[in-house]
Amino acid sequence: MTLPLRPVSAVGALADALRRRVLSGEIEPGTSLPEQEIAAAYGVARPTVREALAALVHEGLLRRERNRSAYVPEVTLSDLADLMYVRRPLEDLMAEAVAGRRVPEAEAALARMDALPAAAPWADSVAEHMALHQALVEAVGSPRLERLYGALHAETRLGLVRLRDVYEDRDVLVREHRELLDAIAEGSVEAARAAVAAHLGHGWGGERRA
């Protein structure tokens with residue numbers, strides 16, 4: 001059975017294009033996005049730009065303040081340290097709940113990450129990275145854990161932009177996530193929690209962990 005194609009609106013297409021540029025690091029933190037410049041660059045009307053930017057502000061990938069153009073917020077190393085501080089207990093709960101199990105959705109995200117071509121934008125790695133961790137959290141079956149974890153979604157995605165320089169060789173990123181999934185599936189609760197701690201303990205500033 002052939003399903004009808006959903007048309008992509010100009011707003012959706014522009015939001016997708018800008019999202020990929022932000023998450024690939026092409027549009028750097030602190031960069032402002034004036035509506036007129038975006039409209040001229042993409043050949044669309046300003047109301048289209050306004051709606052696309054509003055969608056990304058809603059996602060947390062952009063910020064907009066009164067009398068100022070939307071801009072990409074900067075996630076500092078201090079922000080990232082605090083983000084890991086909050087993520088750690090949430091992912092510990094995940095590790096306790098799914099230890100000894102394989103999570104098909106997480107395995108599928110890892111397979112997609114591994115299959116990305118070398119020239120794929122970093123945004124594609126970010127998407128699969130997020131999908132893998134989200135699948136692990138959803139496997140717990142706790143709506144409240146999902147809500148708490150979801151509240152960190154935007155900052156985590158922006159934080160992952162920093163890792164594009166740490167993981168110039170994407171095979172290393174794939175290998176680390178393979179080690180994480182194997183430890184969770186094959187180990188005890190203690191081993192699963194240790195794997196989570198090691199995974200979240202990498203250096204965000206450019207130093208790759210051993």
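1. **Burial terms.** A residue is buried when its relative accessible area is under 20%, exposed when that area is over 50%, and partly exposed in between. The model under review is predicted. Aspartate 92 has a relative accessible area of 9%, so this residue is buried. Its salt-bridge partner, arginine 193, is partly exposed because its value of 34% falls between the two limits.

2. **The 92–193 bridge.** How far apart are the closest N and O atoms of arginine 193 and aspartate 92? The separation is 3.3 Å, and the pair forms a salt bridge. This contact links distant parts of the chain. Aspartate 92 belongs to helix H4, residues 77–98. Arginine 193 belongs to helix H11, residues 189–200. The two residues are 101 positions apart.

3. **Salt bridges overall.** Side chains of opposite charge can pair when their charged atoms come close. In this model the count of salt bridges is 19. The cut-off behind that count is 4 Å, from a side-chain nitrogen of Lys or Arg to a carboxyl oxygen of Asp or Glu.

4. **Glutamate 107 and arginine 178.** These side chains meet in a salt bridge, with an N to O distance of 2.8 Å. Glutamate 107 lies in helix H5 (residues 104–115) and arginine 178 in helix H10 (residues 170–186), so the bridge ties together parts 71 residues apart in sequence. Arginine 178 has a relative accessibility of 29% and therefore counts as partly exposed.

5. **A second partner for arginine 178.** Aspartate 182 also forms a salt bridge with arginine 178, with the closest N and O atoms 3.1 Å apart. Here both residues lie in helix H10. They are four residues apart, about one turn of the helix. Is aspartate 182 buried or partly exposed? At 21% relative accessible area, aspartate 182 is partly exposed, because the limit for buried is under 20%.

6. **The network.** Which residues are linked with Arg178 in a network of salt bridges? They are Arg102, Glu107, Asp182 and Glu186. The two bridges of arginine 178 described above, to glutamate 107 and to aspartate 182, join members of this network.

7. **Rings.** How many aromatic pairs does a search of the whole structure find? The result is zero. A charge over a ring does occur: arginine 68 lies over the face of tyrosine 71. The distance to the ring centre is 3.8 Å.

8. **Asparagine 67.** The phi of asparagine 67 is positive, at about 60 degrees, although the residue is not a glycine. Asparagine 67 sits in the loop between helix H3 (46–59) and strand S2 (70–71). With a relative accessible area of 80%, asparagine 67 is exposed.

9. **Largest pocket.** The volume of the largest pocket is about 210 Å³. Its lining has 14 residues, and the closest to the pocket centre are Pro29, Leu158, Val161, Arg162 and Arg164. What classes make up the lining? Eight residues are nonpolar, two are polar and four are charged.

10. **Buried positions in helices H4 and H6.** Leucine 80 lies in helix H4. Its relative accessibility is 0%, so leucine 80 counts as buried. From leucine 80 to alanine 197 the C-alpha distance is 15 Å, across 117 residues of sequence. Aspartate 124 lies in helix H6, residues 122–138. At 18% relative accessibility, aspartate 124 counts as buried, because the limit is 20%. Aspartate 124 and glycine 100 are 24 residues apart in sequence, and their C-alpha atoms are 29 Å apart in space.

11. **Partly exposed alanines.** Alanine 108 is placed in helix H5 and is partly exposed at 31% relative accessibility. Alanine 135 is 27 residues away in sequence, with a C-alpha to C-alpha distance of 9.6 Å. Alanine 10 lies in helix H1, residues 10–23. This alanine is partly exposed too, with a relative accessible area of 45%. Between alanine 10 and valine 49 the C-alpha separation is 9.0 Å, for 39 residues along the chain.

Technical notes
Residues numbered from 1 in each chain as written. Predicted model: local features only at pLDDT ≥ 70, side-chain atom pairs only at ≥ 80, totals over all residues. Heavy atoms only, no water. Buried < 20%, exposed > 50% of the residue type's maximum accessible area, 1.4 Å probe, protein only. Phe/Tyr/Trp six-rings, centres within 6.5 Å; stacked < 30°, edge-to-face > 60°. Lys NZ or Arg CZ within 6 Å of the ring centre and 35° of its normal. 1 Å grid on protein atoms, 1.4 Å probe; cavity = no way out; pocket = protein on both sides within 12 Å on 5 of 7 lines; lining within 4 Å. Points joined across faces, edges and corners; volume = space filled by probe spheres on them. Nonpolar A, V, L, I, M, F, W, Y, C, P; charged D, E, K, R; others polar.
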